[in-house]
Amino acid sequence: AGADLPERVQIKSQVLGEERTVLVRVPPGYAARTGERFPVLYMTDGDAHIQHTSGTVSFLARNARMPEMIVVGISNTDRTRDLTPTRVERLPGQPNVRFPTSGGADKFLKFIETELIPHVESKYRTQPFRALAGHSLGGLFAIHAMIAKPELFNSYIAVSPALQWDNFVLIDRAKEFFKTRKEYNRTLFTSLGNEPGDIGDAFGMFRDELRRQQVKGFAWEAVNYDDEDHGSVVLRSHYAG
């Protein structure tokens, strides 16, 4: 691979019963920096975000704003299946919109925990610091991961999270999570573009829950980028996060 091109890695997943493609981008000069270990950023929608996010990481590292990282982008097979925490047969008021495969987030998370992370940590020089970033349904997944497996990642970035999914089910789960946790030594950055409607309402509700929680050690930020839309907000969010 060229200087900054990600390596395409194939993983035969027993958990998902299929082969998965993962894009792994190592820091510049990785081969020569033999004694160095790096934190890892895992991302959903890998193909869409590996390039701009790798560029952002390199830029910030060159400017001494963060350490270099290994960036791992997971390519999609059935995106809706993998990123949604519950099964939604159809949308209320839209009888023709169906999600027959939805609700596979726990399985996808198990793939990440038991197959992907061990693979990355055995093949690359990693530090025990893991971040997870997701956009839209991926943002929904990032919040789900934080609640379902709170210790798996050190840091979460949820961009335009689709928290309106299944009647705001994850906002209820987040409420419970914050109620029952005394301490949570983790960080969350979440953001939204100029997105009125259900997704914007859900973001407001989630931000209100974040403001109400009293969990020790939990550092979070929720930001609106009013001059970005649902797609363009990712680049600035990954930079800020």
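This report describes aromatic ring pairs and charges over rings in a predicted model.

**Aromatic pairs**

Across the whole structure, a search finds 10 aromatic pairs. One of them joins Phe 177 and Tyr 184, whose ring centres are 5.3 Å apart; their planes meet at 85°, so this pair is edge-to-face, since an angle over 60 degrees counts as such. Both partners are shielded: Phe 177 is buried, with a relative accessible area of 7%, and Tyr 184 is buried at 1% relative accessibility.

Another pair is made by Phe 178 and Phe 218. The centres of these two rings lie 5.7 Å apart and the planes are at 35°, so the pair is classed as tilted. Phe 178 belongs to helix H5 (residues 165–180), while Phe 218 sits in the loop between helix H6 (198–212) and strand E10 (219–224); the pair therefore ties together parts that are 40 residues apart in sequence. Phe 178 and Phe 218 are both buried.

The two pairs belong together, as Phe 177, Phe 178, Tyr 184 and Phe 218 form one aromatic cluster.

**Charges over rings**

Arginine residues also lie over the faces of aromatic rings, as in the two cases tabulated here.

| Arginine | Ring beneath | Distance from ring centre |
|---|---|---|
| Arg 20 | Phe 111 | 5.9 Å |
| Arg 125 | Tyr 30 | 4.0 Å |

Arg 20 is thus placed over the face of Phe 111, and Arg 125 over the face of Tyr 30.

Definitions and conventions. Residues are numbered from 1 along each chain as its sequence is written. This is a predicted model: local features need pLDDT of at least 70, side-chain atom pairs count only at pLDDT 80 or more; totals for chains, interfaces and linings use all residues. Side-chain values use heavy atoms; hydrogens and water are left out. Rings of Phe, Tyr and Trp (its six-membered ring) pair if their centres lie within 6.5 Å; planes under 30 degrees apart count as stacked, over 60 as edge-to-face and the rest as tilted. Buried means under 20% relative accessible area, exposed over 50%, partly exposed in between (1.4 Å probe, protein chains only). Helices (H or I, at least four residues) and strands (E, at least two) are DSSP runs, numbered from the N terminus. A charge sits over a ring if NZ of Lys or CZ of Arg is within 6 Å of the ring centre and within 35 degrees of the ring normal.
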